[in-house]
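Trainee: Could you take me closely through the salt bridges of this protein, one pair after another, and tell me where the partners sit and how far each is covered?

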Amino acid sequence: AIWNMKTQEKLFQKKRVEHDLEIARDIQKNFLPKEFPPYGDFSLYAMTQPALKVGGDFFDYFESGKDKLSLVIGDISGKGVAAALYMAKLLGDFRKEALACVNAKETLSLMNRILLKTAPPGMYVTAVYILVDLKEKLITYSSAGHLPLLHFEADSKRINELVLDEGLPLGIEPDAVFIEGTVAGAATFAWPAGFAAARAASSDLAPVLAEVDKRRDEAVKRLQ
């Protein structure tokens with residue numbers, strides 16, 4: 001009887017955790033963009049599929065001034081309810097604080113200070129923040145410990161990594177310094193932190209990876 005009670009208790013706890021994860025997954029999905037309207041000559045697309053029912057990967061875009069479009073992609077440490085719920089707050093903070101900043105590196109510096117004050121202990125965020133000048137067709141970017149951007153050069157028809165000093169992830173060091181770079185607008189791709197590992201492992205993310213490759217090829221063809 002004691003064994004049966006312990007077994008039932010474990011099953012109950014497992015179902016409760018699964019239920020909580022389902023709720024958190026729905027919250028996460030509702031906060032990520034689902035539509036990607038064109039902005040003049042500039043178009044964008046994004047998708048994500050978490051390794052668990054709830055993951056830490058996030059992305060967002062929003063208008064941040066006249067002829068300015070902001071994009072952010074990143075990954076919160078940990079995979080689960082805490083990461084998903086903090087992601088919702090993080091996206092709201094990015095939208096609010098980016099309007100008060102004049103460039104990409106300043107936005108990351110401000111977000112770093114916010115995370116140090118508000119994030120749960122041990123939580124940090126890798127991110128790349130992109131500021132698109134729709135009028136001048138320029139892309140300014142800054143990274144906080146995230147993977148390099150890939151950029152298609154229309155003249156050479158080559159895809160190159162936009163390598164910066166990646167800097168520290170957000171939420172680790174109060175005096176972290178972020179730098180930024182600028183390139184002429186073309187096809188630019190940003191990856192979540194787990195993308196390379198997922199591709200190498202040939203996991204069940206195959207449909208996602210195929211869609212990413214398709215969108216990449218379509219973008220490149222439009223520029224050739």
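Mentor: A salt bridge here is a side-chain nitrogen of Lys or Arg within 4 Å of a carboxyl oxygen of Asp or Glu. Please keep in mind that the model is predicted. By that rule the count comes to three salt bridges, set in a protein whose secondary structure comprises five helices and eight strands.

Let us begin with Lys89 and Asp93, whose closest N and O atoms are 2.6 Å apart. Both residues belong to helix α2, and they are four residues apart, about one turn of the helix. As for their cover, a residue is called buried under 20% relative accessible area, exposed over 50%, and partly exposed in between. Lys89, with a relative accessible area of 34%, is therefore partly exposed, whereas Asp93, at 13%, is buried.

Helix α2, which spans residues 81–98, also supplies Arg95 to another pair, in which the partner is Asp60 of strand β1, residues 57–65. The closest N and O atoms of Asp60 and Arg95 are 2.8 Å apart, and the pair links distant parts of the chain, the two residues being 35 residues apart. Asp60 has a relative accessible area of 5% and so counts as buried, while Arg95, at 40%, is partly exposed.

The remaining pair to describe is Asp133 with Lys68, where the closest N and O atoms are 3.6 Å apart. This pair, too, links distant parts of the chain, for Asp133 lies in strand β3 and Lys68 in strand β2 (residues 68–76), 65 residues apart. With 16% relative accessibility, Asp133 falls in the buried class, and Lys68, with 28%, falls in the partly exposed one.

Strand β3, which covers residues 125–133, follows a loop that comes after α3 (104–118), and Tyr124 is found in that loop. Tyr124 is partly exposed, with a relative accessible area of 35%, and together with Leu168 and Ile172 it makes a nonpolar surface patch of about 250 Å². Pro120 is found in the loop between α3 and β3 as well, and at 35% relative accessibility Pro120 counts as partly exposed. The C-alpha atom of Pro120 is separated by 8.7 Å from that of Tyr86, although the two are 34 residues apart along the chain.

For the wider setting of these pairs, buried residues make up 42% of the 224 residues in the protein.

Conventions. Residues numbered from 1 in each chain as written. Predicted model: local features only at pLDDT ≥ 70, side-chain atom pairs only at ≥ 80, totals over all residues. Heavy atoms only, no water. Patch = residues over 30% accessible without salt bridge, like charges linked within 9 Å, V, L, I, M, F, W, Y side chains within 5 Å. Areas by Shrake-Rupley, 256 points an atom, 1.4 Å probe, with all protein chains shown as cover. Buried < 20%, exposed > 50% of the residue type's maximum accessible area, 1.4 Å probe, protein only.
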